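Trainee: I am new to this structure and would like a close look at one part of it. Could you take me through the largest pocket, and then through what surrounds it?

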Amino acid sequence: MSLQFLLKAAITVALVLAASVLARREGWLGALVASLPLTSLLVLGWLYADTRSPTQVADLSMGIFWFVLGSLPFFLLLAYALRHGWGVVVGFAAAIAVGFAGVTLVQWLLTKDAA
């Protein structure tokens with residue numbers, strides 16, 4: 001493994017752990033860190049560092065935008081389910097199914113004209 005790969009992994013893990021720790025202390029602060037496009041920023045930065053291609057970064061940025069929209073129902077259903085007494089496993093399973101459906105719909109919409 002290269003040093004660059006290990007650095008990428010360490011920074012990414014640190015951000016996820018920071019969001020997790022903050023969520024336990026101050027829920028809103030953990031949500032803020034988790035909702036920031038830090039992961040996307042990292043991926044976009046790593047892509048540019050690896051390719052030096054602004055076009056690839058722009059294309060990935062637009063793809064992330066559309067898939068984020070498709071994944072939003074996951075969060076809405078999870079919050080609803082857990083606040084209305086659904087079991088945690090059932091709530092997560094339902095939210096994953098809805099999130100997968102939303103992302104699949106976005107994938108279909110983005111590729112339907114390309115076929």
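Mentor: Let us begin with a single residue before turning to the pocket, and please keep in mind throughout that this is a predicted model. Leu29 has a relative accessibility of 25%, and because buried means under 20% and exposed means over 50%, Leu29 counts as partly exposed. Leu29 belongs to helix H2, which covers residues 27-35, and its C-alpha atom is 7.8 Å from that of Ala19, although the two residues are 10 apart in sequence.

Now to the pocket itself. The largest pocket holds about 540 Å³ of space, and of the 17 residues that line it, those closest to its centre are Ala34, Ser35, Leu36, Thr39 and Phe75. Four elements each give two or more residues to this lining, namely helix H1 (3-25), H2, helix H3 (38-51) and H4. Among these, H4 gives the most, with 5 residues. When the lining is sorted by class, it has 13 nonpolar residues and 4 polar ones, while no charged residue takes part.

Phe75 leads us on to the surface, since this residue, which is among those closest to the centre of the largest pocket, is also named in a nonpolar surface patch of about 740 Å². Its partners in that patch are Met62, Phe65, Trp66, Val68, Leu69, Leu72 and Leu110. Helix H4, which runs over residues 54-83, supplies the largest share of the patch, with 7 residues. Leu72 is a good one to find on your screen: Leu72 sits in helix H4, and with a relative accessible area of 40%, Leu72 is partly exposed.

Two of the helices that help to line the pocket, H1 and H3, are also joined by a salt bridge, and the structure holds 1 such bridge. Asp50 and Lys8 form the pair, with their closest N and O atoms 2.9 Å apart. This pair links distant parts of the chain, as Asp50 is in helix H3 and Lys8 is in helix H1, 42 residues apart. In general, side chains of opposite charge can pair when their charged atoms come close. The two partners are covered to different degrees: Asp50 has a relative accessibility of 46% and so counts as partly exposed, whereas Lys8, at 17%, counts as buried because its value falls under the 20% limit.

From Asp50 in helix H3, you can follow the chain to Arg52, which lies in the loop between H3 and H4. The phi angle of Arg52 is near 55 degrees, which is a positive value in a residue other than glycine. Arg52 has a relative accessibility of 55%, and so Arg52 counts as exposed.

One last place to look is helix H5, which covers residues 88-111 and contains Ala101. The relative accessibility of Ala101 is 43%, so this residue counts as partly exposed. The C-alpha atom of Ala101 is separated by 9.1 Å from that of Pro73, and these two residues are 28 apart along the chain.

How values were computed:
Residues are numbered from 1 along each chain as its sequence is written. This is a predicted model: local features need pLDDT of at least 70, side-chain atom pairs count only at pLDDT 80 or more; totals for chains, interfaces and linings use all residues. Side-chain values use heavy atoms; hydrogens and water are left out. Buried means under 20% relative accessible area, exposed over 50%, partly exposed in between (1.4 Å probe, protein chains only). Patches are made of residues with over 30% relative accessible area and no salt bridge: like charges are joined within 9 Å, nonpolar side chains (Val, Leu, Ile, Met, Phe, Trp, Tyr) within 5 Å. Accessible areas come from the Shrake-Rupley method with a 1.4 Å probe; for residues, only the protein chains shown count as cover. A salt bridge is a side-chain nitrogen of Lys or Arg within 4 Å of a carboxyl oxygen of Asp or Glu. On a 1 Å grid over the protein atoms alone, a cavity is a set of points where a 1.4 Å probe fits but cannot get out, and a pocket is an open set with protein on both sides within 12 Å along at least five of seven lines; lining residues have an atom within 4 Å of a point. Grid points are joined across faces, edges and corners, and a volume is the space filled by probe spheres set on the points. Ala, Val, Leu, Ile, Met, Phe, Trp, Tyr, Cys and Pro count as nonpolar, Asp, Glu, Lys and Arg as charged, and the others, Gly among them, as polar.
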